[in-house]
Each structure stands twice: as C-alpha cells, then as structure tokens.
Amino acid sequence: MQALGIIGGSGLTRLKALEVERQEAITTPYGDPSAPLTFGHFDGSPVVFLPRHGGAHTVPPHRVNYRANLWAMKDAGVGRVIGMAAVGGITAALAPGRLCVPDQIIDYTWGRDHTLFEEDLDSVTHIDFTDPYCELLRHDLLNAAGHVGVLVHDGGTYAATQGPRLESKAEILRLERDGCDMVGMTGMPEAALARELGICYACLALSVNWAAGKTDGPITMDEIEHYLDTGMAEARKVLAAVAHQ
Ligand code: HPA
C-alpha cells in the first residue's frame, strides 16, 4: 500500500496516534522542508507526515518553503498528498467548525517561490490547472468522511491570501464578489507545485472563524483555537479513514 502524504497546518503539527517509524531530514534542490519527514502508520495505514509550519509552529505562511516541502514528498515516493488547512469562512456553508474539501482556488499571494519550472529548462512548461485539486483524492476524502460519519462540505473556492495578517472587511467583500467561500494563507503555491510534480493533491479545510467583517468585532485567537481543537479531532478521523483507502 502506497503511503499517503499529509501536510499538517495550524492545529496539526503532530498527528496524535501516529506510530512513528522514523524521521528523515531531507535536503532538496530548493533548500530544506519545514521539518524532517515523519514516516509511520496512522491507524494501521502508512503515512508520511510533514508539519507545514515546522514542528514548533514557527514558520509563517509567507515563509514556508513550499517547493522543498512538495519536492520532499515526491522524493519520499508519495503519490497522494492531503494539505490540511485552517480557513476563515466567507459563505454560509463555511461556518466555524465546518470541514470542507474545496474544488477551486484563487491565488492572491505574491512574492512566493511558486514554480519548479524556472531554471535549467529545456522548454517553457505550462501545467493545466483548470481543476486545481485532484478529483480522485477529493472523492476519497468525501467518501472517507461519509464512512466515519463526519460532515464535510463538498466544493467551494479557496482564496489564498498572503498573510500573516488577517484581512480587512473590504478585502473579504472583494473575495466574496470574486466567488470565494473561504480564505486561508497556505493553499498556494502548494496546490500548483503538487500539480507540477504530478502529485495527486487535495485540501481538507477547517473553518476556524468567520472571515473579517462577517461578524461584529475583531477575530480573536481564542475563537480560532477553540475551533482548531474541536475541528481537528474530526479531521483526524477523516484522515485516518482516507489513509486506509
Ligand atoms: N483569513 C486568512 N487565513 C485564515 C483565516 C482568515 O480569516 N482563518 C484561518 N486562516
């Protein structure tokens, strides 16, 4: 059985219940990944785990070495990768606490190393990105959620913003006019790099707050941490089930 790659986001720097076999510090042509890769078994199924923000959650979204992270996964022989992501909910389906498997993405990030196709090229390469996520893995995630009885919303557009600050009300209204359902800071270039490497990649998003201006008052870390704690427990059940497939 081929291992499932899991890139953990905020609230998922460690996979509880992961039986660790070994950790491997991998160096790539693009530098070091956020942390050593952890090889192990999750509920009996092989997984390769990488915390996107580092083991101690110290790497902010705009400083993550996405190229090294995806390259390391590929180097480990992983064909399927799930990116866990905490997001702010913009539309009704993405209320705090809800899980979602987005099917579209808009990239509002800037200045990130976003492609592997820029040096030593034999020819210019343009990957297809019409459907930015791997449909097979999206459906595996949705089926797995069904099996373990966890409610997960199917589809939605993820707005990838630069961070690390949260957005203004006007920025969220603009994202909503653009058709975005949720907002997070790490969805890109992760999805595009996976496609460049031929990795089947999907995102499991957890809404941890209403996006700016969707409720009265500021967004608080207490609120975010509350939904990270409760939601990640549900997300882990889905990840364990999909690793079995
Ligand atoms: N905005 C951007 N990224 C986020 C948010 C948000 O409101 N919540 C969690 N990640």
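Me: Why does cysteine 203 count as buried?
Reply: The relative accessibility of cysteine 203 is 3%. Buried means under 20% relative accessible area, exposed over 50%, and partly exposed in between (1.4 Å probe, protein chains only). The value of 3% is under 20%, so cysteine 203 is called buried. This is a predicted model, in which local features need pLDDT of at least 70, side-chain atom pairs count only at pLDDT 80 or more, and totals for chains, interfaces and linings use all residues. Residues are numbered from 1 along each chain as its sequence is written, and side-chain values use heavy atoms, with hydrogens and water left out.

Me: What makes cysteine 100 count as buried?
Reply: Its relative accessibility is 0%. That value is also under 20%, and cysteine 100 therefore counts as buried.

Me: Why is the sulfur of cysteine 100 without a bond to that of cysteine 203?
Reply: The closest cysteine sulfur to that of cysteine 100 belongs to cysteine 203, at 7.7 Å. A disulfide requires a pair of cysteine sulfur atoms within 2.5 Å, so a separation of 7.7 Å is too far for a bond. Cysteine 203, in turn, takes part in no disulfide, since its nearest cysteine sulfur is that of cysteine 100, 7.7 Å away.

Me: Which cysteine is joined to cysteine 134, and what is the distance from S to S?
Reply: The partner of cysteine 134 is cysteine 200, with 2.1 Å from S to S. As 2.1 Å lies within 2.5 Å, the pair is called a disulfide. By this rule, the count is one. The angle about the S-S bond is -75°, and the link is left-handed.

Me: Where in the chain are cysteine 134 and cysteine 200?
Reply: Cysteine 134 is in the loop between strand 7 (104-107) and helix 2 (135-148), and cysteine 200 is in strand 11 (residues 200-210). Helices (H or I, at least four residues) and strands (E, at least two) are DSSP runs, numbered from the N terminus. With the two positions 66 residues apart, the pair links distant parts of the chain. Both cysteines are buried.

Me: Why is helix 1 called oblique to helix 4?
Reply: The axes of helix 1 (residues 66-75) and helix 4 (residues 187-196) come within 9 Å and cross at roughly 40°. Angles under 35 degrees count as roughly parallel, over 145 as roughly antiparallel, 65 to 115 as roughly perpendicular and the rest as oblique. A crossing of roughly 40° falls among the rest, and helix 1 is therefore oblique to helix 4. Tyr66, Arg67 and Leu70 of helix 1 make the contact (heavy atoms within 4.5 Å) with Met188, Pro189, Glu190, Leu193 and Ala194 of helix 4.

Me: What kind of peptide bond joins methionine 188 and proline 189?
Reply: The bond between methionine 188 and proline 189 is cis, with omega about 10°. Proline 189 is placed in helix 4. Another cis peptide bond runs from glycine 163 to proline 164, where omega is near 0°. Proline 164 belongs to the loop between strand 9 (157-160) and helix 3 (169-177).

Me: Why does aspartate 120 count as exposed?
Reply: Aspartate 120 has 79% relative accessibility. This is over 50%, so the residue counts as exposed. Aspartate 120 lies in the loop between strand 7 and helix 2. Its phi is near 50°, a positive value in a residue other than glycine.

Notes:
Axes fitted to C-alpha atoms, helices over the stretch in contact; angles between N-to-C directions.
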